[in-house]
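Biologist: Got a minute to go through this model with me? I'd like to start with the ligands and then wander a bit.

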Amino acid sequence: MGLRPFRRILVTGGAGFIGSHFVRLLLALDVPEVVVLDKLTYAGSLLDLEDVLDDPRVRFLHGDIADPAAVTEAIAGCDAVVNFAAETHVDRSLLAPAAFIQTNVWGTMVLLEQALRVGVQRFLHVSTDEVYGEILVGAAREADPLRPRNPYAASKAAAEHFVFSYWTSYGLPVLVTRGCNTYGPYQYPEKFIPLAITNLLSGQPVPIYGDGLQERDWLYVEDHCHAIWTVLVHGKPGDTYNIGASQHRPNIEVARAVVRLLNADPAAIVHVADRPGHDRRYAVDWSKLAALGWTPRTPFEEGLARTVTWYRHRADWWTARRDEAFAQYYAQNYGNRSVPSSEPCR
Ligand code: NAD
Ligand code: TYD
């Protein structure tokens with residue numbers, strides 16, 4: 001049976017970074033109704049939806065994807081689910097992994113159960129390239145084995161296995177995307193790029209884990225959202241799609257680019273003790289998604305300049321997010337890191 005136009009889409013985690021951009025994209029695409037279910041953890045905020053909350057097509061529900069009652073209410077009448085809701089920060093998963101299992105694995109299970117019950121047309125689970133583990137050479141393809149190496153990545157891999165089990169066991173029309181590192185406006189400042197920008201804007205150093213030669217592939221958030229939409233509409237149920245940008249940069253180069261854009265002092269970049277088990281490099285082959293007609297549009301230097309400008313103008317947004325709870329996390333994660341890593345470079 002062909003896909004009918006979506007009438008009402010449930011976006012979980014829609015008050016977070018990528019989810020809030022995806023809500024904007026759905027509205028721009030004239031999707032008639034968008035339901036956002038978000039727990040508003042430290043990472044989520046209605047400030048991320050500031051420009052769309054008054055739109056009559058948007059309904060916001062404050063709730064937990066691991067709570068069947070909240071999901072039952074949110075999913076009623078929806079013909080698609082896009083699951084962004086997650087605990088997302090690797091460093092926090094190293095400090096306290098339990099919440100990652102609760103939301104990323106159990107929460108996904110609750111959503112799958114309810115999606116099966118109401119019979120949605122599509123269940124798109126937003127996953128990450130981190131499930132492959134570090135890719136020292138070449139690029140991971142969708143059929144490659146999953147070798148997650150930190151608790152965040154392990155919880156995302158575990159969730160994926162349950163998602164696929166609902167396809168093979170019950171025929172729920174699932175899709176999985178594995179996106180690479182994403183950046184842009186409204187990203188909570190614990191992540192590397194917004195941390196670098198907001199630290200420099202507040203006169204603090206930029207901490208670089210270890211030698212800073214770890215590589216990530218950087219994707220602009222709007223490109224990530226278009227990729228997810230492409231998979232939602234054109235993807236084959238039961239399939240997985242890598243989302244990459246082919247714009248790999250070593251972390252130290254990213255930090256230097258941010259310093260240049262802000263005319264800051266290069267001495268503000270400081271090497272600190274490395275993240276345990278730090279994945280050296282991620283890379284995905286995204287030719288399967290390209291075959292559906294998607295391609296990333298934003299060159300890294302352009303997207304980074306746009307992002308820096310946004311944070312420069314939105315001190316109101318990021319100072320509100322860098323609150324007391326952020327300061328506590330910062331002290332916990334960075335307090336004992338001042339000694340440069342003594343580990344040899346691999
Ligand atoms: P984020 O941390 O900015 O936002 C996560 C959102 O989920 C927040 O609004 C939070 O309140 C909400 N949430 C957390 N637990 C919840 C729960 N139990 N119930 C309901 N809502 C809950 O994350 P993000 O960067 O926007 O990532 C979104 C998704 O994309 C995640 O699944 C993540 O694994 C995936 N992803 C992110 C990146 C990246 O670089 N940011 C890359 C690839 C994949
Ligand atoms: P991050 O944004 O946490 O994403 P991920 O770990 O999921 O890729 O980090 C991106 C890269 O930047 C990663 O290699 C770790 C590094 N990093 C630092 O060097 N210093 C920092 O303070 C942070 C948060 C990250």
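Modeller: Sure, we'll take the two ligands, then a sheet and a few loop residues; keep in mind that this is a predicted model.

Biologist: Ligand 1 to begin with. How many residues surround it, and which are the closest?

Modeller: There are 30 residues around ligand 1, and the closest are Ile18, Asp38, Thr88, Tyr152 and Lys156.

Biologist: What polar partners does ligand 1 have on the protein?

Modeller: I can give you three atom pairs. A polar side-chain atom of Tyr152 is 2.6 Å from an oxygen atom of ligand 1. A polar side-chain atom of Thr103 sits 3.0 Å from a nitrogen atom of the ligand. With Lys39 it's the backbone: a polar backbone atom there lies 3.0 Å from a nitrogen atom of ligand 1.

Biologist: And how much of ligand 1's accessible area does the protein cover?

Modeller: On its own, ligand 1 has 830 Å² of accessible area, and the protein covers 97% of that.

Biologist: Which elements give two or more residues to that shell?

Modeller: Helix H1 (17–28), strand S5 (122–128), helix H5 (151–170) and S7. The largest share comes from S5, with three residues.

Biologist: How does the shell around ligand 1 divide by residue type?

Modeller: Twelve nonpolar, 14 polar and four charged.

Biologist: OK, over to ligand 2. Which residues come nearest there?

Modeller: Glu130, Arg216, Arg275, His278 and Tyr334 come nearest, out of 18 residues around ligand 2.

Biologist: Where are its polar atom pairs with the protein?

Modeller: Tyr334 uses its side chain, with a polar atom 2.6 Å from an oxygen atom of ligand 2. Two others go through the backbone. A backbone N or O atom of Tyr209 is 2.8 Å from a ligand 2 oxygen, and a polar backbone atom of Phe192 is 2.9 Å from an oxygen atom of ligand 2.

Biologist: What share of ligand 2 does the protein bury?

Modeller: Ligand 2 exposes 510 Å² when taken alone, and 97% of that is buried by the protein.

Biologist: Same follow-up as before: which elements contribute two or more residues?

Modeller: Helix H3 (90–95), helix H6 (192–201) and strand S8 (206–209). S8 gives three residues, the largest share of the shell around ligand 2.

Biologist: And the make-up of that shell?

Modeller: Eight residues are nonpolar, four are polar and six are charged.

Biologist: Back to His278 for a second. Where does His278 lie, and is it buried or exposed?

Modeller: His278 is in the loop between S12 and helix H9 (287–290). With a relative accessible area of 6%, His278 falls under the 20% cut-off, so it counts as buried.

Biologist: What does the His278 side chain make a polar contact with?

Modeller: With the side chain of Asp274, at 2.7 Å.

Biologist: Changing topic. You listed S7 around ligand 1. What sheet is S7 part of?

Modeller: An open sheet of three strands, in the order S7-S9-S11, with mixed pairing. Strand S7 (181–183) and strand S11 (248–250) are the edge strands, each pairing on one side only. Ignoring direction, neighbouring strands of this sheet are turned by 50 degrees against each other on average.

Biologist: In what sense do S7 and S9 pair?

Modeller: Parallel, over three bridges, with strand S9 covering residues 215–220. Thr182 stands opposite Leu219 in S9.

Biologist: Let's look at backbone oddities. What's the phi of Ser246, and where is that residue?

Modeller: Phi of Ser246 is near 55 degrees, a positive value in a residue that isn't glycine. Most residues other than glycine have a negative phi. Ser246 is in the loop between strand S10 (239–243) and S11. Ser246 has 52% relative accessible area, over the 50% cut-off, so it counts as exposed.

Biologist: And what about the phi of Asn263?

Modeller: Asn263 is another non-glycine residue with a positive phi, near 50 degrees. You'll find Asn263 in the loop between helix H8 (251–261) and strand S12 (269–272). It counts as exposed, at 69% relative accessibility.

Biologist: Last one, Tyr42. Where does it lie, and how exposed is it?

Modeller: Tyr42 is in the loop between strand S2 (33–38) and strand S3 (58–62). At 24% relative accessibility, Tyr42 counts as partly exposed.

Biologist: How far apart are Tyr42 and Asp211?

Modeller: They're 169 residues apart in sequence and 29 Å apart in space, C-alpha to C-alpha.

Conventions:
Residues numbered from 1 in each chain as written. Chains lettered and ligands numbered in written order. Predicted model: local features only at pLDDT ≥ 70, side-chain atom pairs only at ≥ 80, totals over all residues. Heavy atoms only, no water. Pairing = 2+ DSSP bridges. Helix = DSSP H or I, 4+ residues; strand = E, 2+ residues; numbered from the N terminus. Axes fitted to C-alpha atoms, helices over the stretch in contact; angles between N-to-C directions. Near = heavy atom within 4 Å. Polar contact = N/O pair within 3.5 Å; in protein donor to acceptor, adjacent residues only side chain to side chain. Areas by Shrake-Rupley, 256 points an atom, 1.4 Å probe, with all protein chains shown as cover. Nonpolar A, V, L, I, M, F, W, Y, C, P; charged D, E, K, R; others polar. Buried < 20%, exposed > 50% of the residue type's maximum accessible area, 1.4 Å probe, protein only.
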